[in-house]
Amino acid sequence: MAAGAARAPLKDAKARPITAGGFVDDAPVVFVDFTKQAGLDRFHHRMGTPEKTKIIEANGSGVTLLDYDNDGWLDIYLLNGSTVDALAGKEPPPRAMLFHNNRDGTFTDVTTQAGVANERWGFGVAVGDYDNDGWPDIHVANFGKNRLYHNNHDGTFTDVAEKAGVTLGGWSTGPTWGDYDHDGLLDLFVPGYVKYDLDHPPEAGKGKIPRGGCQFRGVSVFCGPLGLPGEADHLFHNNGDGTFTDVSVKAGVSDPYGYYGLASVFVDVDDDGWLDLLVANDSVPSSLYRNRHDGTFEDVSFVSGLALSGDGREQASMGIGVGDYNRDGKVDFLISTFSDDYKTLFRNDGDGSFTDASFRAGLGEPTIPFLAWGNGFLDFDNDGLLDVFIASGHVYVDADRRDWGTTWAERPQLFRNLDGARFREVPPATGSGLAALIPARGAAFGDLFNDGHVDVVINNMDSAPTLLRNIVKNANHWIALKLVGGPKSPRDAIGAVVLLTAGGVRQRADVYSGASYGSSSDQRIHFGLGSSTKVDKVEIRWPSGTRQEITLPAIDRIFTVVEGKGVA
């Protein structure tokens with residue numbers, strides 16, 4: 001894993017590593033751990049052995065928030081891992097779980113009746129309505145064959161991956177849906193990680209791995225990804241008849257370098273109305289592909305500034321946060337990375353280039369000890385400025401036995417956006433959700449309780465998940481929009497851009513699928529309004545290219561907006 005230089009351990013006043021300490025007794029509580037009350041503790045993640053002697057046991061799985069039954073409330077789908085024995089049929093395989101939202105703060109396991117247990121080695125998940133029938137479908141990226149769960153509109157799903165031609169069979173990671181060619185149908189991109197043989201795991205001194213090449217801070221650890229052959233990336237074009245065609249090479253996104261992809265997202269980076277593609281790669285340069293409008297992409301990774309950190313280093317990039325944090329109308333990115341390295345805030349300069357703004361924004365130094373995975377921008381206090389959330393957990397169990405200043409289970413980090421340029425870490429109140437010590441991996445964001453507050457669900461390694469319920473109390477207002485695309489747009493409006501003006505301030509939000517680490521968040525658009533009591537203007541750039549202005553009749557509400565028609 002690529003990391004920065006080893007640093008002296010950073011500890012709190014009680015001599016605890018800062019990743020498992022720094023708690024503040026009288027700090028305001030932002031999130032509470034609501035896992036047990038919600039009933040999510042029925043799920044238990046499992047991935048390989050507790051010793052984590054192989055890289056396939058260490059990366060963890062994602063989570064998605066989706067309204068699978070169209071009742072207006074977000075449900076939760078948690079991926080599970082597997083074990084070598086389970087794949088060999090020697091023990092029952094771990095199961096993914098779909099939790100139905102009961103609308104009373106609790107969730108019910110409906111996995112069996114829904115038919116989405118997966119029972120394969122799961123890593124990434126993305127939601128998209130690929131057949132435009134108005135019901136969300138689920139793509140699951142596995143080690144081994146992938147799944148495409150088609151929504152049957154009756155609370156059940158059918159795996160149509162074989163028929164659709166999207167099973168693959170290597171090691172797939174965090175997928176994304178997007179209509180890259182403007183035909184009104186969602187296409188599917190699936191990054192690949194490493195080529196891995198369960199029967200012949202990599203060893204130091206064999207193949208391209210040098211003797212002594214599987215070490216971290218002088219301690220022997222599992223091998224990879226460096227030294228291992230990379231798995232190809234795949235772009236599947238939607239044929240409109242329930243099948244897909246692999247156009248990866250033709251489109252220029254097959255990853256001939258063999259980079260180690262972990263997360264991806266389709267989003268319009270240069271505001272030309274066409275979706276571009278960002279792929280976060282582990283320990284090698286990340287990839288940005290600019291849409292050429294002809295079914296192909298141009299690799300602009302290095303010229304854009306997104307391939308490397310601001311100081312020119314390859315980073316172990318795990319997850320992608322998407323949002324316009326400085327309210328300049330352009331989409332920015334937050335990349336989560338390994339421990340001994342800062343988490344990277346890339347500011348969009350609007351000319352096809354990005355600037356590493358991590359340290360000047362205050363996100364550099366405080367994030368260095370943490371090994372981060374799921375991440376995202378969210379306005380946790382509805383003040384109209386996007387804040388930053390990062391979920392972390394180490395990959396080496398030796399972290400708890402060594403004086404590295406980091407730990408296997410780590411607390412989440414929340415950074416408040418002060419003014420559109422600088423962030424300050426929100427103190428982790430003792431006993432609150434921000435003081436939860438968890439081996440976090442995937443993280444998804446959304447308003448689970450329809451109360452106008454964005455919550456977080458985290459899928460943790462070898463343990464129960466964590467539901468962080470947002471209990472911020474202030475006088476700030478909000479608005480949320482569910483977009484429904486017209487005949488020439490994807491029905492779920494993935495790829496749409498919303499620009500909202502209130503109180504003289506203009507905010508941007510994008511509808512996207514995937515990102516974070518192997519996870520997919522609420523696709524409803526959420527805006528904090530601060531003290532504003534009305535919305536002055538809403539502009540929507542639909543995926544079809546249509547531009548529409550709408551008037552919202554109220555605030556502190558969730559509205560459905562239909563392309564060409566307005567508020568439903």
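This is a short chat about reading sheets, a disulfide and one residue in a predicted model.

Reader: Before we start, what should I know about the model and its numbering?

Author: The model is predicted, so local features need pLDDT of at least 70 and side-chain atom pairs count only at pLDDT 80 or more, while totals for chains, interfaces and linings use all residues. Residues are numbered from 1 along each chain as its sequence is written, and side-chain values use heavy atoms, with hydrogens and water left out.

Reader: Okay, sheets. In what order do strands 16, 17, 18 and 19 lie?

Author: General idea: strands of a sheet pair through backbone hydrogen bonds, either parallel or antiparallel. Strands here are DSSP runs (E, at least two residues), numbered from the N terminus, and two of them pair if DSSP finds at least two bridges between them. In this case, 4 strands make an open sheet in the order 16-17-18-19, with antiparallel pairing. Strand 16 (261–267) and strand 19 (297–299) have a single partner strand each, so one side of each lacks a neighbour in the sheet.

Reader: How many bridges join strand 18 and strand 19?

Author: Strand 18 (residues 287–291) and strand 19 pair over 3 bridges, in the antiparallel sense. Have a look at asparagine 291, which stands opposite phenylalanine 297 in strand 19.

Reader: And which strands stand at the edges of the sheet 20-21-22-23?

Author: That one is also an open sheet of 4 strands with antiparallel pairing. Its edges are strand 20 (319–323) and strand 23 (354–356). Further in, strand 21 (residues 332–336) runs antiparallel to strand 22 (residues 344–348), joined by 3 bridges, and leucine 334 stands opposite leucine 345.

Reader: Which cysteines does the disulfide join?

Author: A disulfide is a pair of cysteine sulfur atoms within 2.5 Å. The structure holds 1, joining cysteine 214 to cysteine 223 with S to S at 2.0 Å. The torsion about the S-S bond is about 105 degrees, so the disulfide is right-handed.

Reader: Is cysteine 214 buried or exposed?

Author: Buried means under 20% relative accessible area, exposed over 50%, and partly exposed in between (1.4 Å probe, protein chains only). Cysteine 214 is buried, at 8%, and cysteine 223 is buried, at 9%.

Reader: Last one: what does threonine 466 touch?

Author: Contact means heavy atoms within 4.5 Å. Threonine 466, in strand 30 (residues 466–470), touches residues including Asp33, Ile438 and Asn460, leaving aside residues up to four places away in sequence. Threonine 466 also counts as buried, at 2% relative accessibility.
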